[in-house]
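Below is a guided reading of one protein model and the two molecules bound to it. Keep the sequence and the 3D view at hand while following the text.

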Amino acid sequence: MSTEYKIPQHVAIIMDGNGRWARRRGLPRTMGHAQGAKVVEQILEDADHMGIRYLTVYAFSTENWTRPDSEVKSLMNLLRTYMKTSLVKCAKNNVSIRVIGDRTMLDQDLQDSITHLENETRKNTGIHFQIAINYGGRDEIVRAAKKAALKAYDAAAASGESSRAHFEEVLQECMSIEGLNDQLDTAGLPDPDLLIRTCGEERISNFLLWQIAYSELYFTDAAWPDFTKEELEKAIEAYNHRDRKYGGLKKEAQ
Ligand code: IPE
Ligand code: IPE
Ligand code: MG
């Protein structure tokens, strides 16, 4: 990859195709997930070396609970193992971890390991690694809206002024784009510059609906367990040929 290329600050990945990768090899789907988990660790290291500051991966969606119990269990066990074993690596590589999604639906021991890992890595100043577990973009927005509404209620109640007009004023602040942004699981993170989806599917599947408003999208046929540093470089190369306009005009057209 050319050293001239601009490195996106935040890359998000929909890691798809573990099942198909396994099926093509005559293996159970769970082997695809296990291989996929190894690839995540490698790509995190590669992304860090390339200078990417934020990496966010989709590990388990709010819709993935509809899969057979055995597959859900094996995915949860992989996440469990990851939370327990990655502390040393995160310390060594200065990685900070944040889990996004509704974790209250997860087993208590998994919730505890997530909190522990987040707390232990919070002060690390290297790459910020977000893992989406029981994550759905719509669910995240609904949860954020509820939090913003409660914040508005508390502020209105504290002021002692109960008129509708006053509540509307308070809402204006709490329910603004910035106000909602602050209540999302991704509060404080920049929006993804580049969203990658593997294995040929060209859809969002409820990932980061709010945050990808102006992200560049990149789709590759490679299944996630086959994804490599070279694939990531190809995505960044494609990103460098995009013209991000954010609704404005190209410089030369002004
Ligand atoms: C992605 O691989 C991992 C998860 C969704 C947990 P899939 O399991 O969706 O693999 P395919 O799409 O069936 O090949
Ligand atoms: C999206 O992949 C979810 C994750 C990668 C965790 P899916 O395989 O669940 O999405 P669909 O069903 O193809 O839309
Ligand atoms: Mg899939």
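**Ligands, strands and two buried residues**

An oxygen atom of ligand 2 lies 3.3 Å from an N or O atom in the side chain of arginine 197. The model is a predicted one, and this contact is a place to begin reading it. A second arginine also takes part: an N or O atom in the side chain of arginine 203 is 2.7 Å from an oxygen atom of ligand 2. Aspartate 16 adds a further contact, with a polar side-chain atom 3.2 Å from an oxygen atom of the ligand. Taken alone, ligand 2 exposes 390 Å², and the protein buries 78% of that area.

The residues around ligand 2 come from several parts of the sequence. Ile14, Met15 and Asp16 are among them, as are Tyr58, Ala59 and Phe60. Asn64, Arg67, Arg197, Arg203 and Ser205 complete the list. Strand β2 gives the most to this shell, with 3 residues. The space that ligand 2 takes is the largest pocket.

Strand β2 is therefore worth following on its own; it covers residues 54-61, and 7 of its 8 residues are buried, each with under 20% relative accessible area. What does β2 pair with? One partner is strand β1, residues 10-14, which runs parallel to β2 over 5 bridges. Within this pairing, histidine 10 has tyrosine 54 of β2 as its bridge partner. Another partner is strand β4, residues 128-135, joined to β2 by 7 bridges and also parallel to it. Here phenylalanine 60 stands opposite isoleucine 133 of β4. In a regular strand, side chains alternate between the two faces of the sheet. Phenylalanine 60 also belongs to the residues around ligand 2.

Now turn to ligand 1. It is surrounded by 13 residues, and the closest of these are Asp16, Gly19, Arg20, Arg29 and Arg67. Asp16 and Arg67 are also listed around ligand 2. Which helix gives the largest share of the shell around ligand 1? That share, 3 residues, comes from α1. At least two residues each are supplied by α1 (18-24), α2 (29-50) and α3 (69-85).

Contacts to ligand 1 involve both backbone and side-chain atoms. A polar backbone atom of glycine 19 is 2.9 Å from an oxygen atom of the ligand. For arginine 20, a backbone N or O atom lies 2.7 Å from an oxygen atom of ligand 1. Arginine 67 uses its side chain instead, where a polar atom lies 2.7 Å from a ligand oxygen. On its own, ligand 1 has 380 Å² of accessible area, of which the protein covers 87%. The space taken by ligand 1 is the largest pocket, as was stated for ligand 2.

Helix α3 also holds methionine 76. Is this residue buried or exposed? Methionine 76 counts as buried because its relative accessibility is 8%, and the cut-off for buried is under 20%. Methionine 76 is 23 residues from arginine 53 in sequence, and their C-alpha atoms are 27 Å apart in space.

The last stop is serine 215, in the loop between β5 (194-197) and β6 (216-219). Although it sits in a loop, serine 215 counts as buried, because its relative accessibility is 10%. Its side chain reaches the backbone oxygen of proline 192 at 2.6 Å.

Notes: Residues are numbered from 1 along each chain as its sequence is written. Chains are lettered from A and ligands numbered from 1 in the order in which they are written. This is a predicted model: local features need pLDDT of at least 70, side-chain atom pairs count only at pLDDT 80 or more; totals for chains, interfaces and linings use all residues. Side-chain values use heavy atoms; hydrogens and water are left out. Buried means under 20% relative accessible area, exposed over 50%, partly exposed in between (1.4 Å probe, protein chains only). Helices (H or I, at least four residues) and strands (E, at least two) are DSSP runs, numbered from the N terminus. Two strands pair if DSSP finds at least two bridges between them. A residue is near a molecule or strand if one of its heavy atoms lies within 4 Å of it. A polar contact is a pair of N or O atoms within 3.5 Å; within protein, one must be able to donate a hydrogen and the other to accept it, and residues adjacent in sequence count only if both atoms are side-chain atoms. Accessible areas come from the Shrake-Rupley method with a 1.4 Å probe; for residues, only the protein chains shown count as cover. On a 1 Å grid over the protein atoms alone, a cavity is a set of points where a 1.4 Å probe fits but cannot get out, and a pocket is an open set with protein on both sides within 12 Å along at least five of seven lines; lining residues have an atom within 4 Å of a point. A molecule sits in a cavity or pocket if more than half of its atoms lie within 2 Å of its grid points.
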